[in-house]
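The report below goes from the overall build of one chain to selected elements and their packing. Please read it alongside the sequence and the coordinates.

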Amino acid sequence: MHSPTPIDADRRTAWPDAIHAQFRRVGIRQVGYVPDAGHSRLIALCQNDPNIIDVVLTTEEEGVGLVAGAALGGQRAALLMQSSGVGNCVNMFSLLRNCGFGCVVLVTMRGEFGEFNQWQVPMGAITEDLLRLCGFLTYRVERAEEVGEIVGAGCDMAFDGDLQIAVLLSQRLIGRKQWTR
Amino acid sequence: MLERREFVRELLRDRGDLLVVSGLGSATYDVAAAGDHPLNFYLWGAMGGTAMIGLGLALARPDRRVVVITGDGDFLMGFGSLATIGVKQPENLAIVVLDNAHYGETGMQASATHAGIDLVRAAVACRFKQARAVSRMDEAATVRMLLHSGEGPLLVSARIKPEDTPRVLPLRDGHAIKQRFIAALNAV
């Protein structure tokens with residue numbers, strides 16, 4: 001097994017904590033996710049936060065319903081998914097647009113910078129365009145030190161303006177997935 | 001088998017503080033026909049998402065009873081939600097599937113339940129606290145009581161006649177449905 005380089009280790013401990021801090025600041029109470037390695041630390045932070053209900057989904061589109069239901073009940077919710085999961089949500093995203101539910105989706109990117117598995121590329125290559133077609137404003141993050149600021153701004157826009165916001169966490173930020181174990 | 005309108009009207013009689021989410025198509029018309037109410041969240045699309053909206057709402061408002069009323073087609077499209085709900089074990093969530101074993105809006109094609117796929121056993125397998133099938137009107141009072149006080153998550157598969165009923169069309173503007181619901185929930 002490859003050991004992560006020190007700088008990767010630093011990044012992995014820094015930016016998910018910055019996202020979690022923004023969740024705390026804006027009062028996110030429900031977090032739905034289909035697990036992704038890039039989100040593993042953030043998922044653990046949410047699971048260990050008594051103010052957050054974490055919901056593991058069987059498919060990402062379930063999370064769109066979760067966000068809508070949470071909002072009807074007065075709670076803010078966020079979704080964590082990998083870029084491949086965005087494709088699973090397309091029709092369900094119409095719920096957010098039709099009713100004006102504020103939503104923050106954090107997308108860990110696959111199929112780009114240094115991707116070892118070409119099966120990830122077709123969906124990864126259209127993820128941002130697809131989100132825009134579905135009515136999302138998209139923000140891409142390449143550097144760990146920008147994560148907190150961009151996610152924070154996205155959360156404010158989503159919940160102050162009932163907008164659909166996606167933050168794309170680039171594969172370069174997350175670190176290449178290791179091919180060999 | 002049940003008359004769908006009569007059954008839903010009985011379930012929602014003197015509904016008290018129930019929060020209701022209705023699935024697209026006939027289930028939304030049935031809930032509207034039972035009497036428009038600001039605490040109805042009517043879906044006109046988002047097929048497959050009704051049960052998960054119920055889950056998000058039930059988690060956000062554990063002090064209130066949440067009832068999802070939907071058809072077998074919508075429920076089957078979100079079948080994985082059974083597992084997701086089973087994991088979270090919301091005590092205040094009930095799902096009523098109006099099961100005519102057909103896709104009524106599109107020409108009455110047979111659904112999976114027509115071939116014997118068993119929603120009740122699936123719900124039990126997914127750790128629902130209670131799951132039962134009903135097919136007679138004299139069971140409606142028991143189901144109504146479950147919606148108000150039964151421990152969830154619970155699922156009722158209501159065997160309804162595969163019949164065409166007149167459309168009863170409630171609000172269709174999603175923003176209006178949402179705002180009305182939130183205002184009514186916050187007013188109480």
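## Overall build of chain B

In this predicted model, chain B contains eight helices and eight strands. Its C-alpha trace extends over about 45 × 35 × 30 Å when taken along the principal axes. For a chain of 188 residues, a compact globule would be expected to have a radius of gyration near 16 Å, and the value of 15 Å found for chain B therefore agrees with that expectation.

Of the 188 residues in chain B, 48% count as buried. When the contacts in chain B with a separation of 6 or more are considered, 75% of them come from residues that are 24 or more positions apart.

## Helix α5 of chain B

Helix α5 of chain B covers residues 81–88, and within this helix B:Ser81, B:Leu82, B:Thr84 and B:Ile85 are buried. Viewed down the axis of α5(B), these buried residues lie within an arc of 165°, which means that they line one face of the helix.

Which elements do the buried residues of α5(B) pack against? Their partners come from both chains: chain A supplies β2 (53–56) and α3 (60–72), while chain B supplies α3 (50–60), β4 (93–99) and α6 (119–125). Just after α5(B), the backbone at B:Gln89 adopts a positive phi of about 50°.

## Strand β6 of chain A

Strand β6 of chain A, made up of residues 164–169, is mostly covered, since six of its six residues are buried. The side chains are split between two directions: A:Gln164, A:Ala166 and A:Leu168 point one way from β6(A), whereas A:Ile165, A:Val167 and A:Leu169 point the other way, and all of these residues are buried.

## Neighbours of β6(A)

β6(A) pairs with two strands of chain A that are described here in turn. Strand β4 of chain A (residues 103–108) runs parallel to β6(A) and is joined to it by six bridges, with A:Val107 standing opposite A:Leu168. Strand β5 of chain A (residues 137–141) also pairs with β6(A) in the parallel sense, in this case over five bridges, and here A:Arg140 has A:Leu168 as its bridge partner. A:Leu168 in β6(A) is thus placed opposite A:Val107 and is also the bridge partner of A:Arg140.

The connection from β5(A) to β6(A) involves a helix: β5(A), helix α7 of chain A (residues 147–161) and β6(A) together make a right-handed β-α-β unit.

Terms used: Residues are numbered from 1 along each chain as its sequence is written. Chains are lettered from A and ligands numbered from 1 in the order in which they are written. This is a predicted model: local features need pLDDT of at least 70, side-chain atom pairs count only at pLDDT 80 or more; totals for chains, interfaces and linings use all residues. Helices (H or I, at least four residues) and strands (E, at least two) are DSSP runs, numbered from the N terminus. The radius of gyration is taken over C-alpha atoms; the globule rule is 2.2 Å times the number of residues to the power 0.38. A residue is buried if 20 or more other C-beta atoms lie within 10 Å of its own, exposed if 12 or fewer, and partly exposed in between; C-beta atoms are placed from the backbone. Two residues are in contact if their C-beta atoms, placed from the backbone, lie within 7 Å. The arc is that of the directions from the helix axis to the C-beta atoms. Two strands pair if DSSP finds at least two bridges between them. A crossover is right-handed if, with the strands pointing away from the viewer, the path from the first strand over the helix to the second runs clockwise.
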